[in-house]
Amino acid sequence: MTTQHRGHRIVVVGAGYTGMFAAVRTARRTRRLGARITLVNPSPRFTERLRMHQVAAGGRLADHRIADLLAGTGVEFVQGRAVAIDPQARRVTVERTAAGGSGAGPDARHGVTDLPYDTLVYALGSRTDTTRVPGADHHAVTLDDPRAAHEFGARLAALAATGGRVTVSGGGLTGVEAAAELAESHPGLEVTLLSRGVPGAMMGDRARAHLDRALARLGVTVRAGADVTKVLPGAVELAGGAQVPSDLTLWTAGVRVPDLAARAGIETDARGLVVVDDRLRSVSHPEVYAIGDAAAVRQAWGQVHGTCQSGLPTAQHVADTIARTLRGRAVRRFRFGYFHQPVSLGRRDAVIQFTYADDAPRRAYLRGRWAVAYKEFVSAGPVVMYRLSRRMNVTAVLSRGGRATRSAAGGGGRAVMPLPRGRRAENMGR
Ligand SMILES: Cc1cc2nc3c(=O)[nH]c(=O)nc-3n(C[C@H](O)[C@H](O)[C@H](O)COP(=O)(O)OP(=O)(O)OC[C@H]3O[C@@H](n4cnc5c(N)ncnc54)[C@H](O)[C@@H]3O)c2cc1C
């Protein structure tokens, strides 16, 4: 590269799993190019979302400071919340929050900063959708906010002592993990998992049977086919009016994404995800890249759904693409295929379903002790990877999808091609 790119300003908004990786890897890949990288996040801590069900069950997270994870990379950390993007002026407006608080704390100092960029990496992730049914936002807790999850966990011991009832709404993998964790950590609780479909429906028969057995062993009552219509202060109401008594309710159903991109006029899909081309650039603003849960990424086999497994490769791809672009090199098409569905079932059991590229289950699966170790490896992996990535190129790509992603889909990678096996997973969120 050339001096023309010295001082190229790269702003990464969101320091979750993908934004952290994008920032650290971009710094590594552009270290001789003189690019200036800024990472923006409201909290000074990196939140391990993959472990939030452990927090809700009364566990504690390791305290990973973003500034520590960035040490030695040259990336500047701005603690604040991006409140607006002006794609014409190429500027992000950030409401600053002082160090020592998560932004909402009493000691938070606010101020507004404009961050100009030449390249923007949009990594704002997703949150649980509490707008689906009335009362979910007021009378249920989600796994989004570590503080709320911690407070939820702190109330369980007293509740368990009196045989209290906890309801987990949402039978996706996050709901399954949460229900298992709560029941195992507090055997005195009555835990009910409410699921519209069959929990673990995306898994193969044998892995799902193991999941069912584990939930039964832990005493979790599973109510499949339960359509929650309302969350009340002491109950959850189902379609038809029946009520499930619930002293504490955890809401894990559905995800939604921030509306920042849509408000800025960056093209988004119906759910607000940034529509990207096959290089992960916004189709309306090519100087904006979108990664992780907030990006609508299509592969030949269909649309990628939000997971860490798919998000980290998007971050890696964008970091490499930015470096290659600054060096004047050709950039590659993003290729990704799913590899596994790792599910913890408390601290002593887990099940790992291995998958085809489109997330449909293979025959192979893992359970028990080996699955616990595997799942822990998956959960601990990202932070280890950030630390290593400061000094070397570490890959986050488990599978590029093989045959299922080899040929470019038409229309810039946005068209869907049928899978050779004629089946496609319908799993659109974790
Ligand atoms: C309990 C649980 C278990 C999970 N387990 C797994 C698993 O085993 N495997 C798997 O692959 N996936 C799992 N997932 C899904 C996984 O956590 C997400 O797919 C992943 O976090 C997406 O990464 P991301 O970087 O896109 O978003 P996030 O990790 O959510 O990060 C987004 C970041 O952006 C920040 N942000 C938001 N708004 C703003 C703003 N306006 N300005 C600045 N910053 C902002 C947020 O504070 C956050 O730090 C799990 C999710 C949950 C909730």
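Which residues sit on one side of strand E8 and which on the other, and are they buried or exposed? Select residues 119–122 to find out: Thr119 and Val121 are on one side, Leu120 and Tyr122 on the other, and all four are buried. Buried here means under 20% relative accessible area, exposed means over 50%, and partly exposed is in between, using a 1.4 Å probe and protein chains only. Strand and helix names come from DSSP runs numbered from the N terminus, with at least four residues for a helix (H or I) and at least two for a strand (E).

Before you click on, some ground rules. This is a predicted model, where local features need pLDDT of at least 70 and side-chain atom pairs count only at pLDDT 80 or more, while totals for chains, interfaces and linings use all residues. Residues are numbered from 1 along each chain as its sequence is written, and side-chain values use heavy atoms, with hydrogens and water left out.

**Stop 1: the neighbours of E8**

Keep E8 on screen and add strand E1, residues 9–13. E1 and E8 run parallel and are joined by 4 bridges; strands count as paired if DSSP finds at least two bridges between them. Look for Val11, which stands opposite Leu120 of E8.

Now add strand E19, residues 288–290. E19 also pairs with E8 in the parallel sense, over 3 bridges. Here Val121 has Tyr289 as its bridge partner.

Go back to E1 for a moment. This strand is mostly covered, with 4 of its 5 residues buried. E1 has a parallel link to E2 as well, made of 5 bridges. To see one of the facing pairs, pick Ile10 and Ile37: Ile37, in E2, stands opposite Ile10.

**Stop 2: the ligand**

Select the ligand and show what lies around it. You should get 29 residues, and the closest are Thr18, Asn41, Ala82, Cys308 and Lys375. A residue is counted as near if one of its heavy atoms lies within 4 Å.

Next, look at some polar contacts, meaning pairs of N or O atoms within 3.5 Å; within protein, one atom must be able to donate a hydrogen and the other to accept it, and residues adjacent in sequence count only if both atoms are side-chain atoms. Start with Thr18, where a side-chain N or O atom is 2.7 Å from an oxygen atom of the ligand. Asp293 also uses its side chain, with an N or O atom 2.8 Å from a ligand oxygen. At Cys308, a backbone N or O atom lies 2.8 Å from an oxygen atom of the ligand.

How much of the ligand's accessible area does the protein cover? On its own the ligand has 1000 Å² of accessible area, and the protein covers 90% of that. These areas come from the Shrake-Rupley method with a 1.4 Å probe; for residues, only the protein chains shown count as cover.

Colour the elements that give two or more residues to this shell: helix H1 (17–29), strand E2 (36–41), strand E5 (76–86), helix H6 (173–185) and helix H9 (308–326). E5 gives the most, with 3 residues.

By residue type, the shell divides into 11 nonpolar, 12 polar and 6 charged. For this split, Ala, Val, Leu, Ile, Met, Phe, Trp, Tyr, Cys and Pro count as nonpolar, Asp, Glu, Lys and Arg as charged, and the others, Gly among them, as polar.

Try colouring by domain too. Domain 1 (3–126 + 257–326) and domain 2 (130–251) each supply at least three residues of the shell. Those bounds come from an automatic or database domain assignment.

**Stop 3: a hairpin**

Move to strands E13 (residues 228–232) and E14 (residues 235–238), which run antiparallel with 4 bridges between them. A hairpin of 2 residues joins E13 to E14. Pick Lys230 and you can find its bridge partner in E14, Glu237. Also in E14 is Leu238, which is buried at a relative accessible area of 7%.

**Stop 4: three loop residues**

Leu280 is in the loop between strand E18 (274–275) and E19. Its phi is near 75°, a positive value in a residue other than glycine. Leu280 is buried, with 1% relative accessible area.

Asp359 is in the loop between strand E24 (350–355) and strand E25 (361–367). Asp359 is not a glycine, yet has a positive phi of about 80°. At 2% relative accessibility, Asp359 is buried.

Finish at Arg332, in the loop between H9 and strand E23 (340–344). Arg332 counts as exposed because its relative accessibility is 52%. Draw a distance from its C-alpha atom to that of Ala157, 175 residues away along the chain, and you span 52 Å.
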